[in-house]
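Here's a friendly walk through one protein chain. Have a look at the picture first, and then we'll take the parts in turn.

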Amino acid sequence: MIDWDHSRKFRYTGDAPPAEWPEGIRGISGQGLSLLGINPKTNTLHWDGQELAIEKRLANFERGMALVVTIATVVIACVGRSCSWMVPAMKKPATVEAAGRARNISA
């Protein structure tokens with residue numbers, strides 16, 4: 001049986017966090033891990049009964065790149081359609097023999 005008051009009292013480690021962590025962040029102790037929970041119906045993560053906010057957002061650079069790619073795709077599609085009349089049609093040989101003769105001439 002889990003002693004929830006004990007888990008809440010000793011939820012953080014007594015050790016100092018790594019120097020590269022932002023100020024105010026503390027490590028979770030082994031007892032503190034029991035305070036993490038998952039709601040199986042919604043697949044949401046909870047800490048001591050409170051839902052953790054998890055955001056899936058694109059950074060400004062990623063949003064800019066997505067916009068550039070979208071604009072480039074639209075421009076290429078529009079230009080490709082409007083300029084398709086400029087591309088000469090490829091002529092296919094009428095018969096297999098003609099194709100063979102064309103290969104022999106170019107060789």
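What follows goes from the whole chain to the sheet, then to two residues and a patch on the surface.

A quick word on ground rules: this is a predicted model, where local features need pLDDT of at least 70 and side-chain atom pairs count only at pLDDT 80 or more, while totals for chains, interfaces and linings use all residues. Residues are numbered from 1 along each chain as its sequence is written, and side-chain values use heavy atoms, with hydrogens and water left out.

Let's start with the overall plan. The chain has 3 helices and 3 strands, and they come along the sequence in the pattern α-β-β-β-α-α. Helices (H or I, at least four residues) and strands (E, at least two) are DSSP runs, numbered from the N terminus. Of the 107 residues in the chain, 7% are buried, where buried means under 20% relative accessible area, exposed means over 50%, and partly exposed is in between (1.4 Å probe, protein chains only). The accessible surface adds up to about 10000 Å², and carbon and sulfur atoms hold 62% of that; such areas come from the Shrake-Rupley method with a 1.4 Å probe, and for residues only the protein chains shown count as cover. As for contacts (heavy atoms within 4.5 Å), 25% of those with a separation of 6 or more link residues 24 or more positions apart.

Now for the strands. They make an open sheet of 3 strands in the order β1-β2-β3, with antiparallel pairing. The edges are β1 and β3 (50-51), each of which pairs on one side only. Two strands count as paired if DSSP finds at least two bridges between them. Between β1 and β2 there are 4 bridges, and Asn39 sits opposite Thr44 in β2. These two strands form a hairpin with 4 residues between them, and Asn43 in that turn has a positive phi of about 55°. On the other side, β2 (residues 44-47) pairs with β3 over 2 bridges: His46 faces Glu51, and Trp47 faces Gln50. This hairpin has 2 residues between its strands, with Asp48 taking a positive phi near 55°.

Is His46 buried or exposed? His46 counts as buried because its relative accessible area is 18%. The side chain of His46 makes a polar contact of 3.0 Å with the side chain of Thr44; a polar contact is a pair of N or O atoms within 3.5 Å, where within protein one must be able to donate a hydrogen and the other to accept it, and residues adjacent in sequence count only if both atoms are side-chain atoms. A polar atom of the His46 side chain also lies 3.3 Å from the backbone nitrogen of Glu51. Setting aside neighbours within four places in sequence, His46 is in contact with residues including Leu35, Leu36 and Leu52.

Over in helix α1 we find Ser7, which is buried because its relative accessibility is 4%. The side chains of Ser7 and Ser34 make a polar contact at 3.1 Å. Beyond neighbours within four places in sequence, the residues in contact with Ser7 include Ile2, Gln31 and Leu35.

Finally, turn to the outside. Leu33, in the loop between α1 (4-9) and β1 (36-39), belongs to a nonpolar surface patch with Ile28, Leu36, Leu52 and Ile54, and together they have about 430 Å² of accessible area.

Conventions
Patch = residues over 30% accessible without salt bridge, like charges linked within 9 Å, V, L, I, M, F, W, Y side chains within 5 Å. Salt bridge = Lys/Arg side-chain N within 4 Å of Asp/Glu carboxyl O.
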